[in-house]
Amino acid sequence: MESNHAKEEKLEDETRNLIARLPEEIALDIVSRLPISSLIQFRFVCQTWNMLTRDSRLVDMHLSRASKINPCLIFKTNHPQKEQLFFVELSDRHDDEHTLREIQIPFSTSMGKFRLVDSCNGLLCLSGVYHHEEAYIYNPFTREHKKLPNCNELDVNEVVYGFGLHPTTNEYKVIKICYYDHVYYVPWCFHKSVKYDYPLSEVHLFSLKSNTWRNLEELPYKLHHSPGVLVNGRLHWVTRFNFHLDRLIIAFDLSNDAFQEVPRPDFTVNLLHWRYHLAALRECLSACLFSSNGENLEIWVMEEYNKKDSWVHKFNIGDSSIVSRDLPESCDIWKTNLQMGTVTVMCLLNNGDILLDCQGGILIAYSTEKKMLKIISLSGMPESCKTIAHVGSLNWISHLA
């Protein structure tokens with residue numbers, strides 16, 4: 001009688017033979033529909049399938065399809081585990097319980113404490129917290145990684161990063177904005193010194209294609225530490241509040257390597273008391289504004305890029321009800337985060353829900369149709385973590401240089 005192991009081997013052989021007999025275009029189309037976790041397992045079936053996963057046509061087809069479904073979520077843990085990465089693949093049903101799976105970091109021993117900068121087309125950018133020279137581009141599923149060369153910089157006081165590519169140039173870039181404590185001396189009174197509103201800064205730009213850093217002009221804005229939000233081939237930040245510059249939106253164009261101001265919405269409120277951050281919702285730049293009383297989150301969407309009059313007040317998320325089966329403490333976490341302005345708008349899901357990240361170890365889906373908040377159940381969710389939306393892909397770093 002045939003053993004279970006023998007049956008499994010026979011089934012694998014039949015599957016391999018079936019794929020091999022198919023026309024190449026059909027085989028690529030079938031394989032490109034697999035989720036990234038299954039596609040990685042597919043690589044190890046045989047040498048032929050492993051080579052297929054390196055075919056640029058499959059890489060492009062899979063990335064195109066993966067970009068149109070719910071993203072993976074990548075978690076960088078702070079507590080109780082530290083310096084670890086986990087991921088989860090979201091289904092279309094919030095009732096499903098999702099289980100976090102660990103991502104191995106092959107260069108973890110050389111990096112030490114790190115920050116998760118951002119994700120672009122399946123690639124992560126990571127940087128050292130204490131050693132700012134340490135930076136990597138990493139595909140967490142293929143495990144291919146690249147250590148960025150050092151760039152010339154002084155003793156850094158603060159660093160703001162961005163990572164992305166422009167769809168026209170198709171060139172991946174990392175931008176590193178360094179701020180320094182700097183004293184300017186008053187020329188007519190040398191025994192006195194004055195600190196200006198903004199410290200001296202340097203802007204360093206790395207190109208994956210050329211594998212080099214180059215220095216750009218000094219940036220006369222102080223940007224928030226959050227990574228740049230990629231929309232339309234440009235990275236976007238909000239400036240820190242200053243009595244002369246009232247929380248502007250600054251963009252860096254990844255095609256011509258230039259900064260520019262982007263018109264923000266007419267919030268009709270005093271931004272001294274209201275906080276806002278940026279997000280990308282269906283490839284549109286969005287501004288997410290917290291009310292001063294901590295009871296409301298407004299989401300504005302720029303429907304036509306760089307057109308001030310195209311800003312639309314799309315969503316208003318307040319103290320909405322959470323379905324009864326969710327734990328009361330989850331509701332408390334939501335209210336606390338809303339009051340503190342620590343809710344992060346992540347992305348729009350396929351069903352139209354808005355994915356929200358709350359400090360305290362919960363993710364929430366807001367139904368724009370039902371005006372309802374729903375906790376997303378994640379098994380093994382850490383108490384404290386940094387979360388980003390990620391498109392799992394076979395994007396090979398070695399093919400991009």
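The following exercises, with worked solutions, concern a predicted model of one protein chain.

**Conventions**

Residues are numbered from 1 along each chain as its sequence is written, and side-chain values use heavy atoms, with hydrogens and water left out. Because the model is predicted, local features need pLDDT of at least 70 and side-chain atom pairs count only at pLDDT 80 or more, whereas totals for chains, interfaces and linings use all residues.

**Exercise 1. State how many helices and strands the protein chain has, and what percentage of its residues is buried.**

Step 1. Helices (H or I, at least four residues) and strands (E, at least two) are DSSP runs, numbered from the N terminus. On this basis the protein chain has seven helices and 28 strands.

Step 2. A residue is buried under 20% relative accessible area, exposed over 50%, and partly exposed in between (1.4 Å probe, protein chains only). Of the 401 residues in the protein chain, 51% are buried.

Step 3. Accessible areas come from the Shrake-Rupley method with a 1.4 Å probe; for residues, only the protein chains shown count as cover. The accessible surface of the chain is about 20,000 Å², and carbon and sulfur atoms hold 50% of this surface.

Step 4. A contact means heavy atoms within 4.5 Å. Among contacts with a separation of 6 or more, 53% link residues 24 or more positions apart.

**Exercise 2. Determine which strands pair with β13, and explain why β13 is largely enclosed.**

Step 1. Strand β13 covers residues 201-207; six of its seven residues are buried, so the strand is largely enclosed by the rest of the structure.

Step 2. Two strands pair if DSSP finds at least two bridges between them. Strand β10 (residues 172-179) runs antiparallel to β13 and is joined to it by seven bridges. Lys176 has His204 of β13 as its bridge partner.

Step 3. Strand β14 (residues 212-216) is also antiparallel to β13, through five bridges. Here Ser207 stands opposite Thr212 of β14.

Step 4. Four residues lie between the strands in the hairpin of β13 and β14, where Asn211 takes a positive phi near 60°.

**Exercise 3. Give the strand order, edge strands and average twist of two open sheets.**

Step 1. One open sheet has four strands with antiparallel pairing, in the order β19-β20-β21-β22. Its edge strands, each pairing on one side only, are β19 (275-281) and β22 (311-317). From one strand to the next, the twist averages 25°; axes are lines fitted to C-alpha atoms, for helices over the stretch in contact, and angles run from 0 to 180 degrees between N-to-C directions.

Step 2. Within this sheet, five bridges hold the antiparallel pair of β20 (residues 284-290) and β21 (residues 297-302). Leu289 has Glu298 of β21 as its bridge partner.

Step 3. Another open sheet of four strands, again with antiparallel pairing, has the order β23-β24-β25-β26. The edge strands β23 (343-348) and β26 (372-376) each pair on one side only. The twist averages 30° from one strand to the next.

Step 4. β25 (residues 362-367) and β26 form an antiparallel pair over five bridges, in which Ile364 has Ile375 of β26 as its partner.

**Exercise 4. Describe the largest nonpolar core and the surroundings of Ile74 and His390.**

Step 1. A nonpolar core is a set of buried Ala, Val, Leu, Ile, Met, Phe, Trp, Tyr and Cys residues joined through side-chain atoms within 4.5 Å. The largest has 28 residues, and those with the most contacts inside it include Ile74, Leu85 and Leu394. Helix α3 (residues 36-43) gives the largest share of this core, four residues. Apart from it lies another core of 23 residues, among them Leu281 and Trp334.

Step 2. Beyond residues up to four places away in sequence, Ile74 touches several residues, including Phe86, Ile103, Pro140 and His390.

Step 3. His390 lies in strand β28 (residues 384-390) and is buried, with a relative accessible area of 0%. Its neighbours beyond four places in sequence include Pro71, Cys72, Gly122 and Phe141.

Step 4. A polar contact is a pair of N or O atoms within 3.5 Å; within protein, one must be able to donate a hydrogen and the other to accept it, and residues adjacent in sequence count only if both atoms are side-chain atoms. The side chains of His390 and Ser119 make such a contact at 2.7 Å.

**Exercise 5. Establish whether Asn337 is buried or exposed, and which residues it contacts.**

Step 1. Asn337 is located in helix α7 (residues 328-340) and counts as buried at 4% relative accessibility.

Step 2. Leaving aside neighbours within four places in sequence, Asn337 is in contact with Thr342, Val343, Cys358 and Gln359. Asn337 and Gln359 are 22 residues apart along the chain, with their C-alpha atoms separated by 6.7 Å.
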